[in-house]
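Me: I am new to this structure and would like a close look at a single part: the strand pairing. Please take it slowly, and then go on to whatever borders on it.

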Amino acid sequence: MTGLLPTYSRQPVSFVRGQGVWLWDDQGKQYFDALSGIAVCGLGHAHPVISAAIADQASTLIHTSNLYGVPLQQQLASLLCDLSAMSGCFFCNSGAEANEAALKLARLHAYRNGIENPKILVTEQSFHGRTLATLSATGNIKVQKGFEPLFPGFIRIPFGEPAAVKEALEQHPDIVAFLVEPIQGESGVREPQCGLAYYLESIRALCTEYDCLLMLDEIQTGNGRTGRYFAYQHSRILPDVVTTAKGLGNGFPIGAVLTRGRAADLFQPGTHGSTFGGTPLACRAALTTVRLLCDGVIENARTQGTRIRHELEKRLNPLHVSVCGLGMMIGVVLPRDATPLIALGREAGILFSVSSGNRIRLLPPLNLTPLESDLLVAKISQLVECFLTQDHSL
Ligand SMILES: Cc1ncc(COP(=O)(O)O)c(C=O)c1O
């Protein structure tokens with residue numbers, strides 16, 4: 001057999017066309033895409049303004065390399081810095097690469113401070129990527145299995161507990177950075193139990209007190225997904241480093257690392273780089289995406305997200321189903337294994353994912369109309385009600 005390496009166990013469906021929240025498979029069947037390419041296509045599929053910008057840029061200039069100035073890169077960096085209140089930006093091509101860059105910043109921070117054996121704080125149930133360093137930072141042994149020895153120096157603590165951060169920082173004076181998702185995505189939309197703003201404000205204060213870089217992984221929560229441009233903007237804090245990717249290019253691959261303060265002057269010529277990072281084409285796609293997101297779409301994610309969660313709660317709470325999340329990052333937690341729902345949903349023409357066995361993850365486009373939101377609620381409620389009230393184990 002020749003062909004693709006089997007790194008994914010793929011579902012038996014192939015899509016050939018998209019439009020907004022809709023996808024069509026090669027048999028002509030239509031699906032409501034409540035996953036958006038795993039939190040990537042925040043403006044939906046085949047957005048006409050983005051498609052036109054990509055086509056225009058592709059016929060103007062695709063790539064020149066980072067040996068020369070790239071004006072679109074500078075424009076995108078300024079826009080992202082304005083939006084985030086950060087001061088510096090590095091472009092790469094994916095989430096894992098952005099986190100690799102953040103981990104390198106942590107090492108440089110240690111080097112500058114004469115710390116020889118630096119440690120980085122990470123959390124349980126986190127996901128940070130599939131490169132060797134980022135899978136080592138990830139809190140999931142399934143992702144790490146077979147790749148030992150892991151990249152050294154990570155200290156793992158429970159997610160969402162400021163007391164655990166304080167205890168670790170007190171016990172290990174050589175911790176130089178804390179890498180954490182504001183809301184955990186891959187493990188099924190897990191928010192800090194003590195509240196997002198309280199958690200962020202507590203860990204910000206602790207990181208400042210112990211001279212530890214606060215590095216937020218906003219690969220999934222960024223670019224409007226939670227109803228603010230970045231999830232930390234639901235609080236009053238600023239991180240030292242923030243990483244993002246996924247929704248930044250609406251499907252065109254691009255990642256970014258934003259820095260400020262102590263983290264802003266760590267990278268110097270020769271310390272980091274990427275051949276493809278920040279090509280004119282990637283930056284044009286991202287510039288167009290970010291401008292559209294900031295033109296009312298993020299507010300829409302906030303209002304439609306609240307509406308979807310409330311309606312789902314109303315319909316599903318009686319079945320002991322809870323609903324969590326923020327903006328268009330929505331978790332529906334079932335009292336039992338929800339894995340069979342992926343196939344049942346597909347048959348019913350709706351796409352989503354299931355994490356940690358019983359958590360449905362909904363990541364719809366951020367520009368859903370009220371009618372599309374109602375359709376999503378109707379489809380999910382009906383599926384879950386049917387699933388929980390009929391015995392599918394028979
Ligand atoms: C929070 C988080 N960090 C990092 C990554 C890795 O991103 P990529 O798959 O683009 O390397 C992901 C991907 O799911 C993610 O959700």
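Reply: F32 has I350 as its bridge partner in strand 13. The model is a predicted one. The pair F32 and I350 belongs to the contact between strand 3 (residues 30–33) and strand 13, which pair in the parallel sense over two bridges. These strands are part of an open sheet of four strands, in the order 1-2-3-13, with mixed pairing. Strand 1 (15–19) and strand 13 (350–351) are the edge strands here, each pairing on one side only.

The numbering can be set against the domains. According to the domain assignment, the chain has domain 1 (15–47 + 296–389) and domain 2 (50–292). Domain 1 is thus written as two stretches, 15–47 and 296–389. Strand 3 covers residues 30–33, and strand 13 covers 350–351.

There is a further sheet to look at. This open sheet has seven strands in the order 4-10-9-8-7-5-6, and its pairing is mixed. Its edges are strand 4 (88–92) and strand 6 (154–157); each has a single partner strand, so one side of each has no neighbour in the sheet. From one strand to the next, the twist averages 20°.

At the strand 4 edge, the partner is strand 10 (residues 255–259): the two run antiparallel and are joined by five bridges. Within that pairing, F90 has V257 of strand 10 as its bridge partner. Helix 3 (residues 71–84) packs on the sheet and touches strand 4 and strand 10, with its direction at about 125° to that of strand 4.

Helix 4 (residues 95–112) reaches across many strands of the sheet. It lies across strand 4, strand 5 (119–123), strand 6, strand 7 (175–180), strand 8 (213–217), strand 9 (241–244) and strand 10. Its direction is at about 175° to that of strand 8.

The strand 4 edge also borders on open space. The second largest pocket holds about 500 Å³. It is lined by 23 residues, and those closest to its centre are Q73, C89, F90, F91 and F267. Helix 3, strand 4 and strand 10 are the elements that give two or more residues to this lining. Strand 4 gives the most, with four residues. F90 therefore appears twice in this account: as the bridge partner of V257 and among the residues closest to the centre of the pocket, in a strand whose edge position leaves one side without a neighbour. By class, the lining of the second largest pocket has twelve nonpolar, eleven polar and no charged residues.

What lies between the two domains? Their C-alpha centres are 26 Å apart, and 29 residues of domain 1 are in contact with 28 residues of domain 2. The whole structure has one cavity of 30 Å³ or more, and about 40 Å³ of space lies in this largest cavity. Its lining consists of A39, V40, G42, G222, N223, R225, G247 and L366. Both domain 1 and domain 2 give residues to that lining, so the largest cavity lies between them. Three of the lining residues are nonpolar, four polar and one charged.

Terms used: Residues are numbered from 1 along each chain as its sequence is written. This is a predicted model: local features need pLDDT of at least 70, side-chain atom pairs count only at pLDDT 80 or more; totals for chains, interfaces and linings use all residues. Side-chain values use heavy atoms; hydrogens and water are left out. On a 1 Å grid over the protein atoms alone, a cavity is a set of points where a 1.4 Å probe fits but cannot get out, and a pocket is an open set with protein on both sides within 12 Å along at least five of seven lines; lining residues have an atom within 4 Å of a point. Grid points are joined across faces, edges and corners, and a volume is the space filled by probe spheres set on the points. Ala, Val, Leu, Ile, Met, Phe, Trp, Tyr, Cys and Pro count as nonpolar, Asp, Glu, Lys and Arg as charged, and the others, Gly among them, as polar. Domain bounds come from an automatic or database domain assignment. Two strands pair if DSSP finds at least two bridges between them. Axes are lines fitted to C-alpha atoms, for helices over the stretch in contact, and angles run from 0 to 180 degrees between N-to-C directions. Contact means heavy atoms within 4.5 Å.
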